[in-house]
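Work through these short exercises with the model open beside you. Try each task before you read its solution.

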Amino acid sequence: MLAGTSAGMSAGVLPALALLIGAIALIAHALRSRRSIAARIADAVRGASPSRPRASLGWAAGIAGMYGATSLVALALIGRIKAVAVLPPELYGAFGILPLDGVALRETALSIGGGFLLGAGLVAVSLWRRWRVIGPTYRSPAIARSRRETGAALLLAASAGVAEELFFRLTVPLLAAIVTGSAAIGCVLGWALFTLAHRYQGRGGMIAVGLIGAGLGWLYLSTGLLWAAMLLHAVVDVNALIVRPWLERRFGRGR
């Protein structure tokens, strides 16, 4: 009986271990070569076109392929595709965080929405008053510089929000939790890889990404809703790619 149970556990752990190694190798390759799979897909979609929207669409496709498609394949291979819709039991209660009730969920949603509105207001005032920004700031080359580029930037933000949360907040933590038996280790590994994957943003950018990643992780664990983390991630990117550049054009240098 014990031998059979041990064999069953090994049968579940070994595929997860192999897929986890593959996921880590995917990030390691991107960091080492500086030519990630996402970048290669982006170049293929863009071709020789100098169009900025075409480049953003290429990156949207690259991120969807590198993170989204690989996550769905991995989840399907271990028979856990339903984890996209329901918080896996392996991640339940990580760090003592339990899903919120309905009232707390509404309060959290209102707080997050209010925080974004307040932040946008502060950015507008700082630009209008020409306050100096302290510390290094990363500016994506994919920011929308005109209304014509907004659609592609919006698609890029949506792709990053969905695919990266699927990979870093669900797939990697779940695989690691299956292998180690620890939800905390799985979530920390997903957070660490998420932060490292944004190394191109520099030290200041990585600190900001690390804080955002921690917040997204808390949101996922406290709501059990992956789509909530995806939505918030996409909103953060929409702010960086579309809203803030628009505020700068409206209240900043062009004023």
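**Exercise 1. Find the aromatic cluster and describe one ring pair in it.**

Step 1. Start with the cluster: Tyr67, Phe167, Phe168 and Phe194 form one aromatic cluster. Keep in mind that this is a predicted model.

Step 2. Count the pairs. The structure holds 4 aromatic pairs.

Step 3. Take Tyr67 and Phe168. Their ring centres are 5.1 Å apart, and the ring planes meet at 50°. Pairing needs centres within 6.5 Å. Planes under 30 degrees apart would be stacked, and over 60 edge-to-face. The angle of 50° fits neither, so the pair of Tyr67 and Phe168 is tilted.

Step 4. Place the pair in the chain. Tyr67 belongs to helix 3 (residues 52-77), and Phe168 to helix 5 (residues 150-180). They are 101 residues apart, so the pair links distant parts of the chain.

**Exercise 2. Are Tyr67 and Phe168 buried or exposed?**

Step 1. Recall the cut-off: buried means under 20% relative accessible area.

Step 2. Tyr67 has 8% relative accessibility, so Tyr67 counts as buried.

Step 3. Phe168 has a relative accessible area of 1%, so Phe168 is buried too.

**Exercise 3. Which ring does Arg169 lie over?**

Step 1. Return to the cluster and pick Phe194, one of its members.

Step 2. Arg169 lies over the face of Phe194, at 4.4 Å from the ring centre.

**Exercise 4. Locate Glu149 and list its contacts.**

Step 1. Glu149 sits in the loop between helix 4 (102-129) and helix 5.

Step 2. Check its exposure. The relative accessible area of Glu149 is 8%, so this residue is buried.

Step 3. Set aside its neighbours within four places in sequence. Glu149 is then in contact with Arg52, Pro53, Ile143 and Ala144.

**Exercise 5. Find a nonpolar patch on the surface.**

Step 1. Select Leu14, Leu17 and Ile21. They make a nonpolar surface patch of about 280 Å².

Step 2. Look at Ile21, which lies in helix 1 (residues 2-33).

Step 3. Exposed means over 50% relative accessible area. Ile21 has 52%, so Ile21 is exposed.

**Exercise 6. Describe the whole protein.**

Step 1. Count the elements: 8 helices and 0 strands. Along the sequence, the pattern reads α-α-α-α-α-α-α-α.

Step 2. Of the 255 residues, 39% are buried.

Step 3. Consider contacts with a separation of 6 or more. Residues 24 or more positions apart account for 75% of them.

Step 4. Finish with the accessible surface. It comes to about 14000 Å², and 69% of that belongs to carbon and sulfur atoms.

How values were computed:
Residues are numbered from 1 along each chain as its sequence is written. This is a predicted model: local features need pLDDT of at least 70, side-chain atom pairs count only at pLDDT 80 or more; totals for chains, interfaces and linings use all residues. Side-chain values use heavy atoms; hydrogens and water are left out. Patches are made of residues with over 30% relative accessible area and no salt bridge: like charges are joined within 9 Å, nonpolar side chains (Val, Leu, Ile, Met, Phe, Trp, Tyr) within 5 Å. Accessible areas come from the Shrake-Rupley method with a 1.4 Å probe; for residues, only the protein chains shown count as cover. A salt bridge is a side-chain nitrogen of Lys or Arg within 4 Å of a carboxyl oxygen of Asp or Glu. Helices (H or I, at least four residues) and strands (E, at least two) are DSSP runs, numbered from the N terminus. Buried means under 20% relative accessible area, exposed over 50%, partly exposed in between (1.4 Å probe, protein chains only). Rings of Phe, Tyr and Trp (its six-membered ring) pair if their centres lie within 6.5 Å; planes under 30 degrees apart count as stacked, over 60 as edge-to-face and the rest as tilted. A charge sits over a ring if NZ of Lys or CZ of Arg is within 6 Å of the ring centre and within 35 degrees of the ring normal. Contact means heavy atoms within 4.5 Å.
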